[in-house]
Amino acid sequence: RRRRRLTPFGVFMPAMTQPARVDRRGVGLALGAAFLWSLTGVALRFIEAASTWQIIGLRSLAMLAVLVPLLALSYRGGLARAFVAMGWPGAIGGVSLGLGFTCYISAIQTTTVANVAVIVALVPLVAAVMARLALGEAIAGRTWTCAAVAGSGAALMVAEGIAFGGWLGNLLARGAVLCQGIYTVALRRGR
């Protein structure tokens with residue numbers, strides 16, 4: 001059963017009165033995505049002849065070449081209408097996804113993969129806080145505990161990177177985290 005509540009931004013959103021059911025397919029997709037993301041740093045280190053912007057451009061073209069046909073099949077001729085129906089949440093999500101990818105690839109190219117991996121691991125926590133602020137979603141106590149532990153670990157790892165001149169890469173990785181958090185909240189808002 002659902003009831004409506006007012007979020008901090010004055011928007012009425014449905015509130016769940018019962019815990020959400022775990023979707024096994026969603027968990028599997030999330031684990032698969034995390035595994036594939038973990039390979040990015042290693043794969044980028046093997047690319048010697050391309051600049052950062054060439055890598056970003058080719059990655060974007062590859063994503064476009066895969067997603068447009070899949071979406072066209074999925075929406076069966078209604079692809080343009082689907083893009084229009086996304087509205088502002090879709091536009092904000094698309095821009096933040098593009099900026100997040102750009103920051104992520106640039107970060108890997110300018111600091112250690114380990115620093116980027118530790119910082120980017122904070123995406124779920126940042127997204128949870130953003131969802132709380134923007135959508136009024138509750139954050140469990142154990143999530144706050146995990147956030148404190150992860151944040152402390154990230155600060156410890158990154159502090160050494162700053163001392164060795166990786167500050168720009170660390171800053172770009174934080175930009176990637178911020179963009180991915182915005183993307184996640186935009187997706188949830190647009191559902």
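Which helix supplies the largest share of the nonpolar patch? In this predicted model, the answer is H2, with 5 residues. The patch itself covers about 640 Å² of surface and is built from Val66, Leu67, Leu70, Leu71, Tyr75, Phe83 and Met86. Helix H2 spans residues 52-75, and both H2 and H3 contribute at least two residues each to the patch. Leu71 is a handy member to look at: this leucine lies in helix H2 and, with a relative accessibility of 30%, is classed as partly exposed.

It helps to place the patch within the whole chain. The protein chain holds 7 helices and 2 strands, and, read from the N terminus, the order of elements is β-β-α-α-α-α-α-α-α. Of its 191 residues, 27% are buried. The exposed surface of the chain amounts to about 12900 Å², with carbon and sulfur atoms accounting for 69% of that area. Among contacts between residues at least 6 apart in sequence, 70% link residues at least 24 apart.

Pro89 offers a local example of such sequence-distant pairing. This proline sits in helix H3, which covers residues 79-110. Leaving aside residues up to four places away in sequence, Pro89 touches Ala186, Arg189 and Gly190. The C-alpha atom of Pro89 is also 9.1 Å from that of Arg191, although 102 residues separate the two along the chain. Is Pro89 buried or partly exposed? Its relative accessibility is 22%, and because buried means under 20%, Pro89 counts as partly exposed.

Definitions and conventions
Residues are numbered from 1 along each chain as its sequence is written. This is a predicted model: local features need pLDDT of at least 70, side-chain atom pairs count only at pLDDT 80 or more; totals for chains, interfaces and linings use all residues. Side-chain values use heavy atoms; hydrogens and water are left out. Helices (H or I, at least four residues) and strands (E, at least two) are DSSP runs, numbered from the N terminus. Buried means under 20% relative accessible area, exposed over 50%, partly exposed in between (1.4 Å probe, protein chains only). Contact means heavy atoms within 4.5 Å. Accessible areas come from the Shrake-Rupley method with a 1.4 Å probe; for residues, only the protein chains shown count as cover. Patches are made of residues with over 30% relative accessible area and no salt bridge: like charges are joined within 9 Å, nonpolar side chains (Val, Leu, Ile, Met, Phe, Trp, Tyr) within 5 Å. A salt bridge is a side-chain nitrogen of Lys or Arg within 4 Å of a carboxyl oxygen of Asp or Glu.
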